[in-house]
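Biologist: Could you show me how to read a structure like this one, step by step?

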Amino acid sequence: MTERSEREEERFVSPVADGEEKAIEAALRPKQLDEFIGQARVREQLSLVLHSALRRGRPPDHVLMSGPPGLGKTTLAMIIAAELGMPLRISSGPAIERAGDLAAVLSTLSEGEVLFLDEIHRMARPAEEMLYVAMEDFRVDVIVGKGPGATAIPLDLAPFTLVGATTRAGLLPAPLRDRFGFVAHMDFYEPADLQQIIDRSARLLDVRMDDAGAAEIARRSRGTPRIANRLLRRVRDFAEVRADGVITEQVARDALSLYEVDAEGLDRLDRSVLDSLLRKFGGGPVGLSTLAVAVGEEPETVEVVAEPFLVRKGLIARTPRGRIATSSAWRHLGITPPPTVEGTLFEVTEE
Ligand SMILES: Nc1ncnc2c1ncn2[C@@H]1O[C@H](COP(=O)(O)OP(=O)(O)O)[C@@H](O)[C@H]1O
Ligand SMILES: [Mg+2]
């Protein structure tokens, strides 16, 4: 996988799953649309797309899902195939290095099959162009030979449905984005939805828990189901060893403070991003890569993983001149802003 995942896996509240976790996740994944909790608008729109396709007996429009990691994009791709009663083929942008890699996948799809391309923004450029034609006309042009003698042999494809997922919709070229008939924007979950997800997972994992315990885990899960499920498992471990196996509010609090996840769901890395921004750059503005170096992280980790949540919490803001801390950030870390900054502080309310 990517460079960032190596570092990510060490992170307790990482929204990215590591190898072992993937197996556990598979067991917790909702299999049908009506088991999928939250994201009501996406669910309803998708349900219409799928049902009308089923009524017409034709593959539905191609679907693009965008949003931060851990919000259910892969889960929805699997649900789409299941609801259509079609097989699912899984590949990803980074796995497609050449147009030929994509041709090999496309030409072996059966009629109506669902092709899931994860991290679609990371596909090689020549493959991207091949994909435009494939999505629109169900055809690929296979280039045979090299140089001036090369010829393109058109190859018809079985009609298929592409489901693309991206954490960075902004990086997708417009011609590709425009070829998706349906774009689902996934957003962070409300605590009430996360609590339902935690309840469901606790039932599947045979964990005893009261409502206040579930609510406490939900509050600290950064709006992300993957993190909610992970915190649940760690709190369960704690409850088994230190308590009588039942997750209460107090048990959840004690466990999560042991794992350094604070009341807002910030972990050590988030706090270190904030801390650098405040102490080293006086609250900003500072450019993303400079900030990332100060924290010892890849810029992409800071941008994709830490930032969206910190922005949503109203702790930092992105401006054309760089990242700036809001007054809540100083308060959250309990640091007094220097007098020079005070007058220019941004007050951003939580969205
Ligand atoms: N709406 C949801 N309801 C229940 N569980 C969910 C939901 N969304 C995600 N999950 C759980 O969170 C985990 C991560 O979801 P996943 O689809 O892999 O996220 P993504 O592909 O966006 O990174 C999965 O194990 C899944 O069980
Ligand atoms: Mg995924």
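What follows is a conversation about a core, a sheet and two annotated residues.

Modeller: Bear in mind that this is a predicted model, in which local features need pLDDT of at least 70 and side-chain atom pairs count only at pLDDT 80 or more, while totals for chains, interfaces and linings use all residues. Residues are numbered from 1 along each chain as its sequence is written, and chains are lettered from A and ligands numbered from 1 in the order in which they are written.

Biologist: Which residues touch the most other members of the largest nonpolar core?

Modeller: In soluble globular proteins, nonpolar side chains tend to be buried together. A nonpolar core here is a set of buried Ala, Val, Leu, Ile, Met, Phe, Trp, Tyr and Cys residues joined through C-beta atoms within 7 Å; buried means that 20 or more other C-beta atoms lie within 10 Å of a residue's own, exposed means 12 or fewer, and partly exposed is in between, with C-beta atoms placed from the backbone. The largest core has 59 residues, and Ile-198, Ile-217, Ala-228 and Val-235 touch the most other members. Helix α10 (residues 225-242) gives the largest share, six residues, where helices (H or I, at least four residues) and strands (E, at least two) are DSSP runs numbered from the N terminus. Because domain 1 (39-185) and domain 2 (191-258) both contribute residues, this core lies between them; the domain bounds come from an automatic or database domain assignment.

Biologist: In what order do the five strands of the open sheet run?

Modeller: Two strands pair if DSSP finds at least two bridges between them. In this sheet the order is β2-β3-β6-β1-β7, with parallel pairing, and the edge strands β2 (88-92) and β7 (182-185) each pair on one side only. Between β2 and β3 (residues 114-118) there are five bridges, and Ile-90 stands opposite Phe-116 in β3.

Biologist: Are the listed residues Arg-318 and Arg-323 buried or exposed?

Modeller: UniProt, in an unreviewed entry, lists both under "binding site"; its positions are given in the numbering used here, feature names are shortened, and annotations may be inferred rather than shown by experiment. Arg-318, in strand β10 (residues 316-319), counts as partly exposed because it has 16 C-beta neighbours inside 10 Å. Arg-323, in strand β11 (residues 322-325), is buried, since 24 other C-beta atoms lie within 10 Å. Leaving aside neighbours within four places in sequence, Arg-318 is in contact (C-beta atoms, placed from the backbone, within 7 Å) with Val-311 and Arg-323.

Notes: Two residues are in contact if their C-beta atoms, placed from the backbone, lie within 7 Å.
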